[in-house]
Amino acid sequence: MLDIGLLVRVHVDALIVAQNHMGVCDAIRRIAPARKLAAMSAPHLPKVAGIDPEVPVSTHTAAPLREVPAAPGAFIQDRLAGWVSDLTTLHELTERLAGTTTLDAALNELLHAGAALVGARRGLLVLEPADHGTPSTTLGLGLSHADLGHLETVERGATALGRVLDGAPGTADGIASPDLLGDKDLDPRHGEVATRLGYAASYALPLASEAAGRLGGAAWLYDEPGEPSEKQRHLVGLYARYATEHLARLIELERARADVATVAEELLPSRLPRIPGVQLAARHRTGPRGGGDWYDALPLPERTLGLAVGSVGGSGPSAMAAMGRLRASLRAYAVMEGEDPVAVLSDLELLLRLTEPARTATALFAYCEPAARKVVLAGAGHTPPLVLGERRCEFVETTLSAPLGMLACWEAPSVEFSPAPGETVLLYTDGLLRRTGDPMDRAFARLHSAAASVPKAGRHDPAAVADHVLRTMLPDGLDRADSAEDVVILAAHFD
């Protein structure tokens, strides 16, 4: 973060040296009224964009001393008020940027803040890290997809942004093109596109720093001939250097999240089995750090089916590895004694207690006979399934039991029920409930309401049921950066 206080102190020290006779302390105490007076009397900047910036930028100018009338004290106050105003604006913009937690949000904030600092209305940004670890991204401000497509038809080296992206000599401090259509050396295609889109000038700036390297570049477009002032260039340069560091951190975070999601997906079934009499659908979302929620569906002898969901305590790589081991072990026990869900979970609990005594987990295993529409299940501290049909929407009453790894010997009675033709059994993890942010009783009520509101036309499609429940339970999205919870839904529709 920019040290605004340090910059202010530097300017104040300079004033003390230059104007020791007038008492700078008294001048500082009068900054507020001086700033208001200066805002009313300061000369106007040349019109460059035809609009007012969204974030007000100081209009104080650094006029030479010879242009100032007799009162040096008022002039010093005006200069100091201008510096404080500029630094305050810069501080506010960097604070807003620091508050962004996703790469897309940061890029949008950078484009808007840069436009305000240089007095432009439109712009575009190209994210193009030098290591090519992140795909190239192009984002526009006030430009449609068609506009961006027209700009991409211009030869890269013919535009200021292209030269900035290529790191051409002399582009480190940005490139101003104050009158594109009046430039005799302008590329004909560039002139044609500029005329079509209605911009007459541009200012391009690299997104680079010593620590992060070159990440890309941004360009802002003016409706009329013009260019940013020296002060505007200085401020947007300071902002861009900070923004580059922030973008570099978010890029690394995005890469880490993508790696976590890939590993989590590889630990789960690549496809669901096809068993006559039942249709399956699953939805899984991994938290930003990676968690231990999982599901499984495996075919068993005599056209039966085993369904399982579970959650390992904790998050991160350790929880993901434990989840993979637990799922693989449950598959082995299900093949050997799947018709007895209690025995499957008892074996799983013994394995967990012997191999990972410090870890706990919840699990639910269901043995299904689709032809007979019979389901036998047992749960260890897990949330109860929900049955949705034409005539009912209710939770299955399971026996209250402790999670795996919490008791010296786990055992709980199984539950048997018969889904009617056309009914869907919904298995899920508690992450679906916790992501709502509600107390558990209200979260269960929301889940029941979400399942009951599934349109009749979609109740015969387990994928449509799962998607509707997710959209209704989590209307703000599934991948919020502030939620560490995994989400798992496994839907089984019985014909």
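**A walk from the helix 10–helix 11 pair to the sheet**

Let's start with two neighbours in the chain: helix 10 (residues 317-337) and helix 11 (residues 341-355) have axes that come within 9 Å and cross at roughly 140 degrees. That angle is not over 145 degrees, the mark for roughly antiparallel, so helix 10 counts as oblique to helix 11. As for handedness, helix 10 passes helix 11 in a right-handed crossing. On the helix 10 side, the contact is made by Leu326, Ser329, Leu330, Tyr333, Ala334 and Glu337. Helix 11 answers with Ala343, Val344, Leu345, Asp347, Leu348, Leu351 and Leu352. Keep in mind throughout that this is a predicted model.

Now for the sheet. Here 5 strands form an open sheet, and if you read across it the order is 2-1-5-4-3, with antiparallel pairing. At the edges sit strand 2 (137-141) and strand 3 (175-177), each of which pairs on one side only. Going from one strand to the next, the twist averages 15 degrees.

Zoom in on one of those pairings: strand 1 (residues 122-127) runs antiparallel to strand 5 (residues 213-222), and the two are joined over 6 bridges. If you want a spot to get your bearings, look for Arg122, which stands opposite Leu221 in strand 5.

What packs on the sheet? Helix 9 (residues 230-266) does, touching strand 1, strand 3, strand 4 and strand 5. The direction of helix 9 makes about 50 degrees with that of strand 4. Then there is helix 5 (residues 103-118), which lies across strand 1, strand 2, strand 4 (201-209) and strand 5. Measuring helix 5 against strand 2 gives an angle of about 45 degrees.

Further along the chain, stop at Ala452, a residue of helix 13 (residues 440-452). Is Ala452 buried, exposed or partly exposed? Its relative accessible area is 35%, and since the in-between class covers values that are neither under 20% nor over 50%, Ala452 is partly exposed. Leaving aside residues up to four places away in sequence, Ala452 touches Leu388, Cys393 and Arg459. Glu394 is 58 residues away from Ala452 along the chain, yet their C-alpha atoms are separated by 8.9 Å.

Cys393, one of the residues that Ala452 touches, counts as buried because its relative accessibility is 17%. Cys368 is buried too, at 2% relative accessibility. And how many disulfides turn up in a search of the whole structure? The search finds 0.

Notes
Residues numbered from 1 in each chain as written. Predicted model: local features only at pLDDT ≥ 70, side-chain atom pairs only at ≥ 80, totals over all residues. Heavy atoms only, no water. Disulfide = S-S within 2.5 Å. Buried < 20%, exposed > 50% of the residue type's maximum accessible area, 1.4 Å probe, protein only. Pairing = 2+ DSSP bridges. Helix = DSSP H or I, 4+ residues; strand = E, 2+ residues; numbered from the N terminus. Axes fitted to C-alpha atoms, helices over the stretch in contact; angles between N-to-C directions. Contact = heavy atoms within 4.5 Å. Parallel < 35°, antiparallel > 145°, perpendicular 65-115°, else oblique. Left-handed = near helix turned anticlockwise from the far one by under 90°.
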